[in-house]
Each structure stands twice: as C-alpha cells, then as structure tokens.
Amino acid sequence: MNQSFKLRSLLRSLISSPPPPTLTSLKWVSTKTSPTPLLQSQQYLLHHIQHLLSLKAHQKNINYERSLLSALKSCETTHLAVSQGRGQQIHCLVFKAGLDSNTFIRNSLINMYSKCGFFGHAKSLFDSSPKLDPVSCNIMISGYVKSGNLDDARKLFEVMPQKGCVSYTTMIMGFVKNDFWGEAIEVYKEMRNACVVPNELTMASVISACCRVGRIWDCRMLHGLVIKMMFDGFVLVSTNLLNMYCASSSLGEARALFDAMQKKNVVSWNVMLNGYSKAGFANLAKELFEMIPDKDIVSWGTIIDGYVRVERLREALMMYRLMVSTGLGPSDVTMIDLISACGRAMAIVEGQQLHCVVVKTSFDCYDSVQATVIHFYSACGRINEASCKTHRDIIVGERAAENLAKLEPSHGPSRVLLSSLYADVGRWEDAFLVRRVMQSHRMHRLPGYSGVV
C-alpha cells in the first residue's frame with residue numbers, strides 16, 4: 001500500500017508540472033550521441049510520443065512496450081528531455097497502460113530520471129519496487145556515486161543481489177574519484193574473492209588507487225595481470241600503469257613500458273615527462289619533450305618545472321618564452337613555479353617581468369600567486385615593491401600575508417611587509433601591533449628564499 005501511494009504521488013507531481021516550452025526555444029545541438037542536431041532528435045521524440053498518445057486500446061500490443069522503451073532511451077540520450085516534460089509524459093503512459101510493474105520499463109524509467117538529473121524521482125521509483133533488482137541497483141549506485149553520496153552507494157552495494165563487474169567497478173571508480181584509495185582496493189579484493197572478472201575500466205581504476213598507496217611489487221603484480229588479461233592494448237590502462245611506475249621511482253621500467261606502448265596520447269607523454277622532471281632528470285625530460293607530437297599546456301608546464309627543480313632558471317625561462325610564442329598562456333602553477341625560482345636566484349628583473357604578466361593575466365586574484373609575489377620581493381630585499389603595496393589593496397595584502405604565514409610561520413619578511421602596508425595606508429596602530437608580534441616571537445629578517453612549491 002505504501003509503495004503504491006509513493007508511486008501515485010510521484011505521478012501526480014509529474015502531471016502537475018508546468019507545461020514544457022515549445023521546441024522553437026531550443027537553440028543548442030548535441031555533439032555526442034547523434035550526428036543530427038539535438039533539435040531534430042527532440043522533434044523525433046515528440047512525434048514518437050504523439051504517435052503513442054494516438055494509439056487506441058486495441059492497438060497496444062507487444063510493440064507498444066517496445067515503443068515505450070525506445071522513447072525512454074531517447075529521453076536518456078537527449079538528457080534535458082525530462083525538464084521539457086517528455087519523460088513525464090512517457091511515465092504517465094506507462095502508468096495508464098498498467099506497465100509500471102514491468103521490470104524492463106521500470107528500470108528504463110529509473111535510468112532515464114537518473115541520467116537526466118532527476119535523482120529524487122529515480123529514487124522514488126526504486127524505493128517503490130517490490131524487490132531489489134541487480135540492474136536497478138547498478139543504476140542507483142551509479143547515481144549515488146555521481147552525486148558523491150558514497151555512504152548510500154556502499155549500503156546499497158552491500159545488500160544488492162548478484163553483484164557483477166559493473167557493480168564492483170562502479171564502486172571502485174566512485175572511491176577512486178573521491179580519493180578513498182584504500183576503500184577502492186578493498187572492494188577490488190572483494191571482487192576477486194567473489195571470482196568476478198574485472199574489465200579494463202576496473203583495472204585502470206585499481207591501478208590509479210595503487211599508485212597512491214602501493215609499492216613497486218604492486219606495480220609489477222598488476223602489470224602482469226593486465227598482460228594476462230590482454231588489457232595492455234588500452235591506452236588508459238597502460239597510461240595508469242606508467243604513472244604508477246613513475247610514482248614508485250621505477251623510471252627504467254616506466255620507460256620500457258612507455259616504449260612498448262603501441263598507442264600513446266598526450267597524457268601518456270606527459271606522465272613519462274613528469275616522471276623524469278620530478279626525479280630531476282632534466283636532460284632526459286628535454287629529449288622526451290622534443291619528441292611529443294602535440295604539446296599542450298601541461299607538457300610545457302612540466303618541462304619548465306623540471307628545469308626549476310634543478311635550479312636551471314635560464315632554461316626554464318627560455319621554455320616559458322617558447323611556450324608563449326606558440327600562443328599558449330601560462331597557468332597559475334607555472335607562474336608560481338617561475339616566480340619562486342626567481343626569488344631563490346635573486347633574479348629581480350626577470351621576477352618583475354613575470355609580475356607584470358601576473359597582473360595582465362589577472363593571476364593576482366589567486367592568493368597563492370599573491371603570496372609568491374610577496375615572497376619573491378622579500379627574498380630579493382625589495383619589501384617596499386611588494387605587489388600588495390603597489391596596488392594599495394589592503395584586503396588582498398592581509399590575505400596574502402596570512403597565507404604566507406601559514407606556509408612559513410617563523411618567516412619575518414611577511415610580517416615586515418604587512419607592517420609596511422599598514423603604515424603606507426596610515427594604519428599606524430596596526431603596523432605597531434605587527435611589529436610587536438615580531439618582537440615577541442623573535443622573528444628576524446632572514447636572507448630570503450621561496451617557500452612556495
């Protein structure tokens with residue numbers, strides 16, 4: 001009785017929904033599921049529904065059920081069809097035809113609502129089901145995972161019947177996406193104990209989790225399993241393996257795998273490049289960088305970081321200028337990297353030039369960039385030329401000084417800068433308080449160096 005009441009309440013809410021907008025208001029097209037514009041797909045769906053509405057009772061045979069399933073599938077692919085009332089119309093037709101107990105149709109309705117963003121409707125339908133069904137459970141678990149509700153996803157996963165590869169893989173991917181690496185590995189172990197065969201997505205996700213918590217023997221074991229299951233031809237799997245070897249500092253094995261990969265994308269190249277850069281092998285990184293067919297902003301940022309790590313500022317700045325000449329702009333991470341290096345090298349002219357770029361590109365709205373600029377000037381002994389004083393932005397200056405203090409609580413120049421900033425705008429009492437705090441904590445103006453990584 002309660003389940004029937006829930007279902008009828010859902011249908012009443014759908015019927016009382018505002019009428020859908022006209023098709024002429026749609027101006028966007030699909031670039032994913034169909035080569036035809038989305039407007040044409042919507043028109044086809046509308047004609048399909050109108051045909052279903054026009055059928056008489058004696059015309060509703062087995063093909064009617066198939067037509068309903070086809071219409072629901074169309075709603076899934078157009079995504080926003082539900083907000084225009086099409087999915088609700090089909091749901092009402094299902095209810096009127098007494099097909100709401102049909103497992104295939106019910107699951108299609110749940111899937112349609114979940115994919116179109118109406119997860120509350122999907123959950124109402126799922127809760128009104130007379131018994132747990134593996135397909136509907138997988139749909140709901142996927143919906144929970146996408147919304148970040150891992151607790152409910154795990155609870156349903158634990159009680160669902162007939163867990164298969166899709167069930168385990170969805171949970172593993174959910175845990176990996178939310179940085180629960182250990183939990184993802186535990187679910188994978190449960191999967192293997194249950195003798196459920198993983199697919200390439202399962203292995204790619206497990207490898208990603210092991211990259212964070214595993215050791216070199218985990219790399220080799222998973223690599224062997226990937227080869228045994230013939231998943232090494234998948235770029236995603238091989239790239240994740242490559243990343244795991246690099247994270248384990250096994251660059252020799254990483255390069256052997258990289259060279260053996262029949263297919264590589266830009267991510268594969270960047271992973272190997274990052275492995276060399278982080279290990280301090282700037283020359284090997286440069287050789288590999290020159291071989292990348294389609295360099296993106298990550299490629300450039302990685303090679304710049306590689307030179308910065310070994311204190312080769314001249315080469316880092318040269319690569320930065322080459323990147324700009326190709327039409328690519330730097331990221332905030334690259335600017336932090338370069339300005340920090342200028343502070344360590346006391347390269348005041350180069351740092352000031354980068355500061356100008358920061359202002360022009362509006363990167364100065366990032367607290368981390370502001371703190372780096374402040375630290376650069378203090379490291380070079382140019383306290384009065386700090387960014388926040390130049391702009392007379394007291395709020396940004398306070399926030400940047402606070403972030404810098406978090407990075408290095410005992411570093412005096414940030415307090416000196418803040419005191420100077422207060423004095424510059426006439427807040428003498430605040431300036432005096434900052435100086436007094438410095439004296440009470442015995443802070444000194446030490447020779448500058450960059451603490452921003």
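Is E315 buried or exposed? Select E315 and check: with a relative accessibility of 17%, E315 counts as buried, because the cut-off for that label is under 20%. Keep in mind while you look around that this is a predicted model.

**Stop 1: around E315**

Leave E315 on screen and add R312. The two form a salt bridge, and their closest N and O atoms sit 3.3 Å apart. R312 is partly exposed, at 26% relative accessible area, whereas E315 falls in the buried class.

**Stop 2: zoom out**

Now show the whole chain as a cartoon. You should find 25 helices and zero strands. Of the 453 residues in the protein, 47% are buried. If you draw a contact map, look at the pairs at least 6 apart in sequence: 62% of those contacts join residues at least 24 apart. Switch on the surface and you have about 23300 Å² exposed, with carbon and sulfur atoms supplying 56% of that.

**Stop 3: the annotated repeats**

An unreviewed UniProt entry places the feature "repeat: PPR" at residues 133–167, 265–295 and 296–330. Colour the second of these ranges, residues 265–295: the chain there is 77% helix and 0% strand, and its end C-alpha atoms are 10 Å apart. Then colour residues 296–330, where you get 74% helix, 0% strand and 11 Å between the end C-alpha atoms.

**Stop 4: into the core**

General background first: nonpolar side chains in soluble globular proteins tend to be buried together. Here, the largest nonpolar core has 97 residues, and M272 and I304 have the most contacts inside it. Helix α11, residues 200–213, gives the most to this core, with seven residues. Centre on I304 and show its neighbours; leaving out residues up to four places away in sequence, I304 touches A316, M319, Y320, M323, T334 and L338.

Another buried residue to pick is Y113, in helix α5 (residues 103–115). Its relative accessible area is 0%. Try a distance label from Y113 to L125: the C-alpha atoms are 9.5 Å apart, and the residues are twelve apart in sequence.

**Stop 5: a nonpolar patch outside**

Back to the surface. Select M173, L201 and L236, which make a nonpolar patch of about 250 Å². M173 belongs to helix α9, residues 165–177. At 38% relative accessible area, M173 is partly exposed.

**Stop 6: more charged pairs**

The salt bridge count comes to ten. Which residue does D259 form a salt bridge with? The partner is R255, and the closest N and O atoms are 3.0 Å apart. Both lie in helix α14 (residues 251–260), four residues apart, about one turn of the helix. D259 is partly exposed at 48%, and R255 is partly exposed too, at 22%.

For a pair that spans more chain, select R344 and E311, a salt bridge with closest N and O atoms 3.2 Å apart. This one links distant parts of the chain, 33 residues apart: R344 is in helix α19 (residues 332–344), while E311 is in the loop between α17 (297–309) and α18 (313–325). R344 is partly exposed, with a relative accessible area of 31%.

To finish, go back to R312 and E315, whose salt bridge opened the tour. Then select R154, E158 and E190, which are joined into one network by salt bridges that share partners.

Methods. Residues numbered from 1 in each chain as written. Predicted model: local features only at pLDDT ≥ 70, side-chain atom pairs only at ≥ 80, totals over all residues. Heavy atoms only, no water. Core = buried A, V, L, I, M, F, W, Y, C linked by side-chain atoms within 4.5 Å. Buried < 20%, exposed > 50% of the residue type's maximum accessible area, 1.4 Å probe, protein only. Helix = DSSP H or I, 4+ residues; strand = E, 2+ residues; numbered from the N terminus. Contact = heavy atoms within 4.5 Å. Patch = residues over 30% accessible without salt bridge, like charges linked within 9 Å, V, L, I, M, F, W, Y side chains within 5 Å. Areas by Shrake-Rupley, 256 points an atom, 1.4 Å probe, with all protein chains shown as cover. Salt bridge = Lys/Arg side-chain N within 4 Å of Asp/Glu carboxyl O. UniProt positions renumbered as here; feature names shortened; annotations may be inferred.
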